[in-house]
Amino acid sequence: MMAGWLKAIADRRPGLESVSLMLLALVFLLTAPQPRIEARTPQSVRYVDADVGLAALLADPAAGEPVAYRAIGRPGTAGWLVWDDVPISRDGPPPAISTSGPFSATLWFNGERIGEKGRPGADAAEETAGPIDSLFAVPADLIGPDSNQLVMHLSSHRAGYTPYSLVQSLFVLPYSAEIRRPVRYYLPLVSLGAGLVALAIAFALRARRTGDGRGLWLTLSLAGLALAGLAEISRAMINYPYDWHQPRQALSLFGLAVFAAALLRFAQVRWSAPGQVARAWIGVTGLAALAGFVLMTGYDARSAAVTACLTGSTALWMAWRGDAQARMLAIGMAAIPVYALFLPADLIDRGVHALVLGLLAIPAIRWPDLLQPEPAATPAILALQSTGRLTRLSCAEIAHLTAAGNYTEVRTRDGLTHLDNRNLSSLLEILPGDFIRIHRSHAVNLDHVEALTSEVGSRYHLVLTTGAQIPVSRREVAGLRERLAGRKA
């Protein structure tokens, strides 16, 4: 019993190591401190969803409803945000107001205008889109001993979508000449992205060396993830107008969709099932991802929903079709949709990159055969086993095989029939890849296929160069057509 338990552990060791590294990545994500920014934010602000005018607003100290600044929705025309009792002083480094999001705004501090983030307007024609991130210095002579007030006139007619959070940030912090989001905010993503690019290259090189194109799906998957990361990092490189924010987020969503869809397709070709099952699986998964995209608001939530649907489907496929090692990887893969459910924004910023790197790094380095197995050496000669006799037969001479109970009839292109003591499945495990099963009782050598024919009632047959006609199971027809179409004449 102990020996069996140890063997089970040994069989699962590659998957266990991979999941362990992924769990370490998860612990890092949940416990590592975020980059610190010395900033103060309002507990709440007053928001007026109407263009009442600055004078009328200042004349009414109770105007508007107290809300969290992140809960402010897009105004119908233009609106007002009022931050009372701004925590700011003349002491220390020069202070500034930092704000970001897909909107345009004009800012006043204690009644004096201190700057513009584009130009707000009642409609798109009147509005000029401001930069996504803005920083406004506050002159020391405007700062009072207490009751300092910030007023922001804002509009958002050029976003092209309904943002989940219109005002993404509103801070008081030390003034800096750099307006863009700090690069240090993306340092984890930059480091993880470098590792993912290295993995993608490793998978591509191994696919080329082994001649197994299935690994290219992994390369495409990681390339999509790198594209999504680059779209996120671009915010620290370019302070673009806010109406470019949607294309940037759409590019990130596209990269995540390519990543997760290619990963699902890799799982399907690595741990295969009949073609019809695989296509139906992709169809249902695609509909679920589309539903998540339509039902969610904001690109962070939509990206997380699409990623969760596709990676969750990948985990289920690996658990169903994979071996013991693949099932261990499926456990790790399931962490991605769970993380997306609870921390969607962090999943996009760094979470999915860390989890995928943790899950795939060990197989790529220590156990490459787990994801990209070396092609099995196939014999040129098949040693047929029959009672009291062993016959050596060239595999190229074999035209097709037919199950005969626990035995197999091996038929050659010369019309001879040999009987082997093993069943059809056992022989197919040792024969070259050109031999495929087309029916519960039949397998053929694709080199000897002349034509695929169909008859009334969806009945299919293979015509061989020997003249034999072999029935084809309907569920195998699609896969057989693909194999035949991909063969060189």
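How many of the 10 residues of helix 9 are buried? Select helix 9, residues 324–333, and check: seven of them are buried, so this helix is mostly covered. Keep in mind as you click around that this is a predicted model.

**Stop 1: helix 9**

Colour the buried positions of helix 9 first. They are Ala 324, Ala 326, Met 328, Leu 329, Ala 330, Gly 332 and Met 333. Leave Leu 329 and Met 333 highlighted, since both turn up again at the next stop, in the lining of the largest cavity.

**Stop 2: the largest cavity**

Now show the residues around that space. Along with Leu 329 and Met 333, the lining includes Leu 263, Phe 266, Ala 267 and Trp 271. Add Thr 314, Met 318, Leu 359, Leu 360 and Leu 371 to finish the selection. The volume enclosed here is about 70 Å³.

Which helices should you display as cartoons around it? Four of them each supply at least two lining residues: helix 6 (245–270), helix 8 (299–321), helix 9 and helix 11 (344–365). Helix 6 has the largest share, three residues. Colour by class and you get 10 nonpolar residues, one polar and no charged ones.

**Stop 3: the second largest cavity**

The structure holds two cavities of 30 Å³ or more, so keep going to the other one. Select Glu 232, Gln 249, Ser 252, Tyr 299, Asp 300, Ser 303 and Ile 348 to see its lining. Helix 6 and helix 8 are the elements giving two or more residues here. This time helix 8 has the largest share, with three residues.

The volume is about 40 Å³. As for chemistry, the lining splits into two nonpolar, three polar and two charged residues.

**Stop 4: the largest pocket**

Next, move to the largest pocket, which holds about 1,600 Å³ of space. To centre the view, pick Arg 214, Val 269, Ser 272, Ile 436 and Arg 483; of the 36 lining residues, these lie nearest the centre.

Which element gives the most to this lining? Turn on helix 14 (474–485), which contributes seven residues. Helix 6 is back again, and helix 7 (275–295), helix 13 (424–430) and strand 15 (435–439) also supply at least two residues each. The class colouring shows a mix: 15 nonpolar, nine polar and 12 charged residues.

**Stop 5: a nonpolar patch on the surface**

Switch to a surface view and select Leu 30, Val 338, Leu 341, Phe 342 and Leu 343. Together these form a nonpolar patch with about 540 Å² of accessible area. Helix 10 (residues 335–342) gives the most to the patch, three residues.

Zoom in on Val 338, which sits in helix 10. Is Val 338 buried, exposed or partly exposed? Its relative accessible area is 48%, so Val 338 counts as partly exposed.

**Stop 6: Asp 133**

For the last stop, select Asp 133, found in strand 7 (residues 133–137). Why does Asp 133 count as buried? Its relative accessibility is 5%, and buried means under 20%.

Finish by drawing a distance between the C-alpha atoms of Asp 133 and Pro 87: the two are 46 residues apart in sequence and 21 Å apart in space.

How values were computed:
Residues are numbered from 1 along each chain as its sequence is written. This is a predicted model: local features need pLDDT of at least 70, side-chain atom pairs count only at pLDDT 80 or more; totals for chains, interfaces and linings use all residues. Side-chain values use heavy atoms; hydrogens and water are left out. On a 1 Å grid over the protein atoms alone, a cavity is a set of points where a 1.4 Å probe fits but cannot get out, and a pocket is an open set with protein on both sides within 12 Å along at least five of seven lines; lining residues have an atom within 4 Å of a point. Grid points are joined across faces, edges and corners, and a volume is the space filled by probe spheres set on the points. Helices (H or I, at least four residues) and strands (E, at least two) are DSSP runs, numbered from the N terminus. Ala, Val, Leu, Ile, Met, Phe, Trp, Tyr, Cys and Pro count as nonpolar, Asp, Glu, Lys and Arg as charged, and the others, Gly among them, as polar. Buried means under 20% relative accessible area, exposed over 50%, partly exposed in between (1.4 Å probe, protein chains only). Patches are made of residues with over 30% relative accessible area and no salt bridge: like charges are joined within 9 Å, nonpolar side chains (Val, Leu, Ile, Met, Phe, Trp, Tyr) within 5 Å. Accessible areas come from the Shrake-Rupley method with a 1.4 Å probe; for residues, only the protein chains shown count as cover. A salt bridge is a side-chain nitrogen of Lys or Arg within 4 Å of a carboxyl oxygen of Asp or Glu.
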